[in-house]
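Welcome, and thank you for taking a look at this one. Please open the structure below and keep it in view as you read.

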Amino acid sequence: MFKKIVNHIRSQINLKIILITFLCLVIFITAIVTVIYRGMNQLKDETLGYTEAELKELVNEYYNNYIEAVDLRVESEVNQIFDELHILSNIIQTFFSHNSEMSGVIKAMSQSEFFKDHLVQNPKYYQNIPKEPTSVLIASYMIDDYGNVKDDAIALVKDTQFMDLILPAFADYGIDKLQVYFQGGENKEIFRLAPWADLGGSVVDVYPEIFDQPIWEAFNPGLAGQWEEWIKQLKNPKDMNNLLRVTPPVQDGLTGQIVLTFSQPLANEDMTEFEGTVSYDVSIDHVIQMIEDVKIAESGFAFAIQGDENVFAINEQGLKTFGLLTDEESTTDSQIGFNPMERLLSNSIYEDVQKLEFNGSEQNEIKEIRINGEKYFMASKNLLSYQTWSAERGFYDVYWRIGFVAPYDEVFSMYNAIDVKINNELNSINLDTLIITISIAVVMLFFIYRFTTLVTSDLVNLTANVKEAKSKNYDVHFETKGKDEVSVLTGAFNDMLAEIKSSFKKMEVQNETLKAEIHERKQKDRIIDYLENFDAGTDLPNKKALLNILKDITADDQGFVSLVVIGLDEFRKVNEAYSWTFGDKLMNKIADEMRQLLPQETLLFKLSGDEFAFIIKETKFKFLVDTVENVSQLFKKPFVVDNNEIIISSSIGISSYPYDSQKPVDIFKYATNAMIHAKEVNKGKYEFYNAEVNTSARMRMEMVSEMRNGLSNEEFELLYQPIVDTRTGFVTGMEALIRWNSENLGPVMPSVFIPLAEQSRQIIPIGNWVLKRALSDTKKLHDLGFKKLNVAVNVSVIQFMEDDFIKNLRQFIEETKIQSERVTIEITENLFINDLEKILPVLKAIRETGVLISVDDFGTGFSSLSYIKNLPLSKLKIDRAFINEIHDDKSRMLMSGIIGLAHNLNLSIVAEGVETLEQLEFIREKSCEEAQGYYFSKPVTYEQLIEYLSK
């Protein structure tokens, strides 16, 4: 359609004028619209820039004030806990500091029914009865073999009876607490807790093992000793307030709530020993709820972090945005002690969240961040810091940090609304300008069209006459009254038509003569082509046709191509005895019978006076031999020509592509040579190219033929050779090795059939079978309990370069349900030499599946170190040749260099062919991680491998 419009414009001058005018108007309109558009956009940018700056300042001020308010509230609550615990600790410390003076009070309490502790023995502890003011618990490790509580524990129980008055009061009033309790020092860890609870029964259910060992060592090994060292350095008992310790948020084993434990140590009267602690267990659920209830924009949220990245407070919207786990999923099980809640930013599913950093100061930090491609606004500040302790770090300070996060578009929704409004107005103005300008242009084009139509009317009429002439109507004639350029052109046109009429009459006569000459030439060409490519006597394709067919054979053709050349023995004697005419009849007779004998798709050729040939495209050697045998038998019976029986023998030569030559045309020469040799030494028989090649060709073709049926006949099997960790002696995996037990050929060595399989591309189905079977057997071993076994599978370069290799690998992993990191693909070094640019994407695709890549027989090829360091490899396998020559200094140095190279490139090393203890000790000394060889095991079947692993 467009082409027709262009041709129409080209044919009319007035349309050309209009088109030029239209293009000028388009340029004019574009210039006007561009100036207006740029001016309006500049105004828009200035307006929006000012609005955005003001809005950002307003948002920063709002979040600064909001975060300060939350900061004051949280710090106020925590400071109240500190103050109350200091008061309680100072009361109890005063009692311990004047213990000798309070002995009378202690004795009186012991005789009072209110203060007296009624201890009841359980299998793992002693505990008082429920009606008492506080719970008293004595663990089993403080009870002797006769069921009696040790003296130190009994003394401390009596010394703390006065707490029946103090602990319940502090538990019921002041800051909300789950429990207030006293815990004795090392080796006398009695518990006194308010309000009364079945402390022993609850703890046994959660932590049964701690009753058989000192509790300080079970929960906080080393803390009591460090407190005692610090107590000895204090000059004033009031300085004990500085030793207060707060735990990180943990899940309380008794209540299941997230708690902080505030603990202050106590000293004996001489300030020389650690006497125990007074502790608050305070639930921070209300702090968490306060933060999680914060509403920031439509889908914003608040969060609180303890330390550098432990997020202990965040709502569901925040969990989804940050890519974090819930409270239950983040609380890790501890074998002993409380379960810590560890919801770390570094465990987020988003890399952007993993990289979040904070300034670490007490100043507010407001910034823009991106999470999973979305833009967010974040404000944060350090709330408070406190002293905590861990066995690894001792005492250290940690802080809480609160933050607010909201989608940038929601925070700046007003700015976005203004942006949309301005853009709509701008588009409306631009559209109005464009409509007005186009309307003016249309009116101008109309007047220009009317004017040019009048001016070019004569030219249009002339154009119509030209079209008539183009349609071979040469009788048209056009008159014009003017004297302008169009009139001159019209006269010239009329003269041209007259000359054309005369010329066409001459051409008609010449065309008839030319047609007759062309027909005669085509007839001659057909005859010449037939004589060049066919034998006139037998009507068979000749030698030239045969050679042309051989030239067209390419390496992409499947199977083998064999050429059979048949030479009639002493055919000239037939011509001499009868005549040349009789000889031609005999040739036709032989040709007819060979046509009937050969398979329908086989091409038969007549090469010369006494030679025939035919081509067989077939992969089975037996088919070739049977066909040749049938042809040979044809010449053992007489041919009847004109009632005469003629017996004539034939000598046959055979050559095959690609085994005799990589050039298909060469097999004509080789088959001819074989036929000549048969005439000379074995007349009347057939021979392959030569005796040596004959035997080799038959063996190869027979082996390939057998190989094609090997998979379907289940003649292949896999053996596995264990791979052992040189440091531990444990089996880490195995290498899959293929074996072929042919039904007709017997056992065939891999070094024999694998190269032949690669040449015939049979390695592709065989390799796929090996890969799938190895993955399936390994998954079965995993299911039997050997879950950490890896399997290594050798892959041929032919299979590796197949387009669907990665697809098949993924399919086999999915079908067998094996973990991809338990699979190693072994490739040889020469794979890199051929075409690294083509190999590298395949290697990367393999690694993307999770499968490891190992270089087999490393050191025997020609790979460059620059290749190795740039390839996504996991292992290098040292060839057995180096292991066998460890007595040679150069070999030992070379092995050390290879192992050092691999370790520097973060690659592990596997040594193959280890057969002696001396070899094993050498590679172990050189830090070679894995080894395989007859020292550990020969290749074994799957069943034997299970037995080997079980031992």
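Let us begin with a side-chain pair: Asn768 and Gln799 make a polar contact through their side chains, at 3.1 Å. This is a predicted model, so please read every value here as computed from predicted coordinates. Asn768 belongs to helix 24, which covers residues 763-783. Is Asn768 buried or exposed? Its relative accessibility is 18%, so Asn768 counts as buried, the cut-off for that class being under 20%. Once neighbours within four places in sequence are set aside, the residues in contact with Asn768 are Gln799, Asn808 and Phe812.

**The whole protein**

Stepping back, the protein contains 33 helices and 31 strands. Of its 951 residues, 45% are buried. Among contacts with a separation of 6 or more, 65% join residues that are 24 or more positions apart. The exposed surface comes to about 50,900 Å², and carbon and sulfur atoms supply 53% of that area.

**Strands and hairpins**

Strand 14 is a good place to look next. This strand spans residues 374-390 and is mostly covered, with 14 of its 17 residues buried. Strand 11, residues 310-314, is mostly covered too, and five of its five residues are buried. Here is how these strands pair with their partners:

| Strand pair | Sense | Bridges | One bridge pair |
|---|---|---|---|
| Strand 10 (residues 301-306) and strand 11 | antiparallel | four bridges | Ile305 and Val311 |
| Strand 13 (residues 365-371) and strand 14 | antiparallel | seven bridges | Glu365 and Ser380 |
| Strand 14 and strand 15 (residues 394-407) | antiparallel | 14 bridges | Trp389 and Phe395 |

Strand 14 therefore appears in two of these rows, pairing with strand 13 and with strand 15. Both pairings are hairpins: strand 13 and strand 14 have two residues between them, while three residues lie between strand 14 and strand 15. In the hairpin of strand 13 and strand 14, Asn372 takes a positive phi near 55°. As you follow the strands, a general point may help: side chains in a regular strand alternate between the two faces of the sheet.

**Aromatic rings**

Phe395, the bridge partner of Trp389, also leads us to the aromatic rings. How many aromatic pairs does a search of the whole structure find? The search gives 22 of them. In one, the ring centres of Trp227 and Phe274 are 5.6 Å apart and the planes meet at 25°, so this pair is stacked; the limit for stacking is planes under 30 degrees apart. Trp227 sits in helix 8 (residues 223-233) and Phe274 in strand 9 (residues 274-283), so the pair ties together parts that are 47 residues apart in sequence. Both Trp227 and Phe274 are buried. Ring pairs also join these two with Trp216, Trp230 and Phe395 in a cluster.

**Charges over rings**

Two lysines are worth a visit as well. Lys177 has its charged end over the ring of Tyr280, 5.0 Å from the ring centre. Lys606 places its charged end over the ring of Phe612, and here the distance to the ring centre is 5.8 Å.

Terms used:
Residues numbered from 1 in each chain as written. Predicted model: local features only at pLDDT ≥ 70, side-chain atom pairs only at ≥ 80, totals over all residues. Heavy atoms only, no water. Phe/Tyr/Trp six-rings, centres within 6.5 Å; stacked < 30°, edge-to-face > 60°. Buried < 20%, exposed > 50% of the residue type's maximum accessible area, 1.4 Å probe, protein only. Lys NZ or Arg CZ within 6 Å of the ring centre and 35° of its normal. Pairing = 2+ DSSP bridges. Polar contact = N/O pair within 3.5 Å; in protein donor to acceptor, adjacent residues only side chain to side chain. Contact = heavy atoms within 4.5 Å. Areas by Shrake-Rupley, 256 points an atom, 1.4 Å probe, with all protein chains shown as cover.
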